[in-house]
Amino acid sequence: MSCVRYLMHGRLLRHRSKSMCEHKLPAWLRSQRRLIQTSSRAMTIMPAWVIDKYGNNDVLRFTNNASFPIINFPNEVIIKVFAAGMNPLDVSMRGGYGSATLAMKRDPLNITQSGSEFPLILGRDVSGVIMECGLDVKYFRERDEVWAAIPPWKQGSLAEFVVLSANEISHKPKSMSHTEAAAIPYVATTAWSALVNTGGLSKDNCANKRILILGGSGGVGTFAIQMLKAWGAHVTVTCSHNAERFVRALGADHVVDYTAGPVEEPLSVLEKFDLILDNIGGDTERWALGLLKPWTGAKYVTLVTPFLLNTDRLGIADGMLQTAATVATKAIKHLVKGVHYRWGFFAPSGPALDEIREMVDAGQIRAVVEETFSFSQVPQAFEKVEKGHARGKTVVEISKGDS
């Protein structure tokens, strides 16, 4: 039985379950009042925003009776959510984007019936406090402040509690509030996966490299600018004229206004680039790879791929075959021209967030929060994200506390 059922007002969380962290709380923590407030019926249910079917904003439903998360594996932790970050992916998932692939990930053997993911909780960013740990969790303990990017096949952070694997979480930066911290994990791990895992960049090889970010004023772009500048790169970004001052304040060296005309024209007269990160998609592939330095290992990495659309439209098997054929054809087409074509994907990673935390606490990266909403305003937060043209992140404050 989960020890969360035995929470009492004004007392510390008791060590009543064998699945608790093995670490004992220090004396100074045991002497303090419990800072975590839970719903009065938290032992089996919790408040959350859920959807029962895919659709527009009307499918969002608030409930006080969402199932309380449980630890199913010994490396999992239960987190009390203080703040949740919103992303365009949440809007897409609300409409059913990626449902076929995510259903396979949740149920590889296809044991459950179609629609078993409902009621589904959205939200990919979380900052909060650990309430309970599995037996194999060694590097975290209850009451640790943590942040994480939640995989899209798991229940999300628009709820009072969420359960995650220990390798997906990291200690929250000490210099940030929960609200600020919730603005970073998803875009940070997405940018890290694209630039480091796929693009091959690191703090040791990035100095003086020329990087182009197509779409620099959104969540991924604003994080990527800061990380690349901290590593010594020269960063050019495209954005609207209204966002120019904003991205320059984050460190962008050169800004091209896409509203002034075809953006490829002013970019083509610049010195060629070592890597391009594409957050826009569309017809950018037609001209962007011509901006790379040929035969130097230069890479074009796009975060706008047809993978999930293919599997949604064609099914898992045919969709994956179509995807493989598409990426192979494009990679070969551009390889003969001396440049590399790659797809980038979000990849949850606690170790990546560990490194990002150090950069945050060193003052090299700051949170870019455009707007915050209360837990009761989740539908308005979705509307804000759905409008696009973001200047940073939208964050929902879930619980009262050090947010």
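This is a selection-by-selection tour of a predicted model.

**The whole chain**

Start with everything shown as a cartoon. The protein has 403 residues, and 53% of them count as buried. Its secondary structure amounts to 13 helices and 15 strands. Now consider contacts between residues with a separation of 6 or more: 71% of these join residues 24 or more positions apart.

**Asp 257**

Select Asp 257, which belongs to strand 10, residues 254-257. Does this buried residue have a salt bridge, or no salt bridge, and which side chain of opposite charge is nearest? Asp 257 has no salt bridge, and the nearest candidate, Arg 391, is 8.8 Å away. Add Cys 239, Ser 240 and His 241 to the selection; Asp 257 is in contact with these residues, once neighbours within four places in sequence are set aside. At His 241, look at the backbone nitrogen: a polar atom of the Asp 257 side chain lies 3.1 Å from this nitrogen.

**Salt bridges**

Side chains of opposite charge can pair when their charged atoms come close. In this model the count of salt bridges is 16.

Select Arg 124 and Asp 90. Their side chains form a salt bridge, with an N to O distance of 3.8 Å. Arg 124 is in the loop between helix 3 and strand 4, while Asp 90 is in helix 2 (residues 88-94), so the pair links distant parts of the chain, 34 residues apart. Both Arg 124 and Asp 90 are buried.

Next, select Lys 154 and Glu 168. Here the salt bridge has an N to O distance of 3.0 Å. Lys 154 sits in the loop between strand 5 (145-149) and strand 6 (161-165), and Glu 168 in the loop between strand 6 and strand 7 (169-171), so the pair ties together parts 14 residues apart in sequence. Lys 154 has a relative accessibility of 17% and counts as buried. Glu 168 is buried as well, with a relative accessible area of 9%.

Then select Lys 330 and Glu 285. The closest N and O atoms of this salt bridge are 2.9 Å apart. The pair links distant parts of the chain: Lys 330 is in helix 11 (residues 316-335) and Glu 285 in helix 9 (residues 284-288), 45 residues apart. Lys 330 counts as partly exposed, at 27% relative accessibility. Glu 285 is buried, with a relative accessible area of 19%. To finish with charges, select Glu 264, Asp 283 and Arg 286, which are joined into one network by salt bridges that share partners.

**Aromatic rings**

A pair of aromatic rings is described by the distance of the centres and the angle of the planes. The model has 9 aromatic pairs.

Select Tyr 54 and Phe 118. This pair is edge-to-face, with 4.9 Å from centre to centre and 65° between the planes. Tyr 54 lies in the loop between strand 1 (45-51) and strand 2 (60-67), and Phe 118 in the loop between helix 3 (99-106) and strand 4 (125-133), so the pair ties together parts 64 residues apart in sequence. Tyr 54 is partly exposed, with a relative accessible area of 26%. Phe 118 also counts as partly exposed, at 23% relative accessibility.

Move to Tyr 300 and Tyr 341. Why does this pair count as stacked? The ring centres are 5.6 Å apart and the planes are at 25°, and planes under 30 degrees apart count as stacked. This pair also links distant parts of the chain: Tyr 300 is in strand 12 (residues 299-302) and Tyr 341 in strand 13 (residues 340-343), 41 residues apart. Tyr 300 and Tyr 341 are buried.

Two further selections involve rings. Trp 49, Phe 62 and Phe 375 make up one aromatic cluster. Lys 105 lies over the face of Trp 153, 4.8 Å from the ring centre.

**Asn 208**

The last stop is Asn 208, in the loop between helix 5 (185-198) and strand 8 (210-214). Is Asn 208 buried or exposed? At 68% relative accessibility, Asn 208 counts as exposed. Show Gly 232 and Ala 233 too; Asn 208 touches both, leaving out residues up to four places away in sequence. Finally, pick the C-alpha atoms of Asn 208 and Lys 229: these residues are 21 apart along the chain, and the atoms are separated by 9.6 Å.

How values were computed. Residues are numbered from 1 along each chain as its sequence is written. This is a predicted model: local features need pLDDT of at least 70, side-chain atom pairs count only at pLDDT 80 or more; totals for chains, interfaces and linings use all residues. Side-chain values use heavy atoms; hydrogens and water are left out. Helices (H or I, at least four residues) and strands (E, at least two) are DSSP runs, numbered from the N terminus. Buried means under 20% relative accessible area, exposed over 50%, partly exposed in between (1.4 Å probe, protein chains only). Lys and Arg count as positive and Asp and Glu as negative; His and the chain ends are not counted. A salt bridge is a side-chain nitrogen of Lys or Arg within 4 Å of a carboxyl oxygen of Asp or Glu. A polar contact is a pair of N or O atoms within 3.5 Å; within protein, one must be able to donate a hydrogen and the other to accept it, and residues adjacent in sequence count only if both atoms are side-chain atoms. Contact means heavy atoms within 4.5 Å. Rings of Phe, Tyr and Trp (its six-membered ring) pair if their centres lie within 6.5 Å; planes under 30 degrees apart count as stacked, over 60 as edge-to-face and the rest as tilted. A charge sits over a ring if NZ of Lys or CZ of Arg is within 6 Å of the ring centre and within 35 degrees of the ring normal.
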